[in-house]
Amino acid sequence: MKKVLLFSDPGIDDAIGIIYALLHPQIDLVGIVTGYGNVDEKQATANASYLLQLAGRPDIPVIRGATGPFSGEVVTYYPEIHGEDGLGPIRPPENLVTNVHRFGAVHELISKNKGDLSIVDTGRSTSLAASFILSGTELLHSVKEIYLMGGAFNYPGNVTAVAEANFHGDPIATDLVLEKGRNITIIPLNVTNRATVTTQMLDTIAVYQSNPFSSLMKPIIEFYIDAYKNLIPGLNGAPMHDSVTLFALVNPQYFHYIPRRVRVDTSELSRGRTIADFRAKPDDEPPETLERIAIDFNYQAFANDFMNIMTRR
Ligand code: BDR
Ligand code: CA
């Protein structure tokens, strides 16, 4: 069983990631840190709270994270991909029962679960970087592992020619996390763009699904698939960037990794570009500075697992 503190910006694929974590028998979701990204922080907090309410899990705390990056404008809001409020055609109700905490709760949660906590960040890196600054690197080193969804290695970006959205959103924050963090695994676009959920998969899930998310999943994923149709010609379905990152956490055996030190470009021209030394003979780096970059994976194992988990009760 993995205890998971999830940093997230729901957003459709984040929302599906949260649902995946809630339904997964090997994931104990101990908290969700919500930040700006696909939507603003307030909306991300409302969306996460709504999913927890649907799940009947008001015990899971939602912690309000960053409202903007360390540098540059808040590059956020992709309403054409995630919908105006981040959940496609769905709006969370006004009268939500919430269990919302201030940012300091991150520190308490990490301290409480020392040595037994996995952090998964599927949003911009600002809140996680702020945890390193405010809670101290030593406490963050007590975390078992950190999984980041982001980056694109010798592979086209999705917000600029060279950058992926999460690492582009706040490159200073991502670079800080990579520099200070230990046991980091990166699940980049190279993998996540291929982790698609198709209309056929969705139809099959709808037949068997009788959990609290039944009425929500089909409309939001359909919205997301439609949005992606124009974005990546020839793509069959829509990429579940954030769910495949959680899948990797519990199923690391289905991925192929390359260990490299990763830096993130903070310059304006290629903001958010991930840099790793893929030469045949890379420069020597101390082992503790290396990240594990997932570069390939078993798509069929992911697709089967996704359908299984989403149809659990
Ligand atoms: C990442 O950016 C966000 O828009 C998605 O939710 C995902 O986390 C993909 O680049
Ligand atoms: Ca996300």
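**Burial and span in two helices, and a ligand shell**

In this predicted model, helix α2 has these buried residues: E41, Q43, A44, T45, A46, N47, A48, S49, Y50, L51 and L52.

Me: What makes α2 largely enclosed by the rest of the structure?
Reply: Buried here means 20 or more other C-beta atoms within 10 Å of a residue's own. In α2, 11 of the 15 residues are buried, so the helix counts as largely enclosed. Those buried residues pack against β1, α1, β2, β3 and β4.

Me: How do you know that the span of α2 agrees with 1.5 Å a residue?
Reply: Happy to check! The 15 residues of α2 (41–55) should span 21 Å, and the end C-alpha atoms are 21 Å apart, so the two agree. Just after α2, G56 takes a positive phi of about 70 degrees.

Me: What puts the buried residues of α11 on the same side?
Reply: The buried residues are I220, I221, Y224 and I225. They cover an arc of only 140 degrees around the axis, which is why they share one side of α11. On the other side, S215 and N230 are exposed. The cover over the buried residues includes α1, α3, β8, α10 and β9.

Me: Why are four residues around ligand 1 called charged?
Reply: Asp, Glu, Lys and Arg count as charged. The residues around ligand 1 include D13, D14, E164 and D242, and because Asp and Glu belong to that class, these fit the count of four charged residues, beside two nonpolar and six polar ones. The elements giving two or more residues to this shell are α1, α7 and α12.

Conventions
Residues numbered from 1 in each chain as written. Chains lettered and ligands numbered in written order. Predicted model: local features only at pLDDT ≥ 70, side-chain atom pairs only at ≥ 80, totals over all residues. Near = placed C-beta within 6 Å. Helix = DSSP H or I, 4+ residues; strand = E, 2+ residues; numbered from the N terminus. Buried ≥ 20, exposed ≤ 12 C-beta atoms within 10 Å, placed from the backbone. Arc of directions from axis to C-beta. Contact = placed C-beta atoms within 7 Å. Expected span 1.5 Å × (residues − 1).
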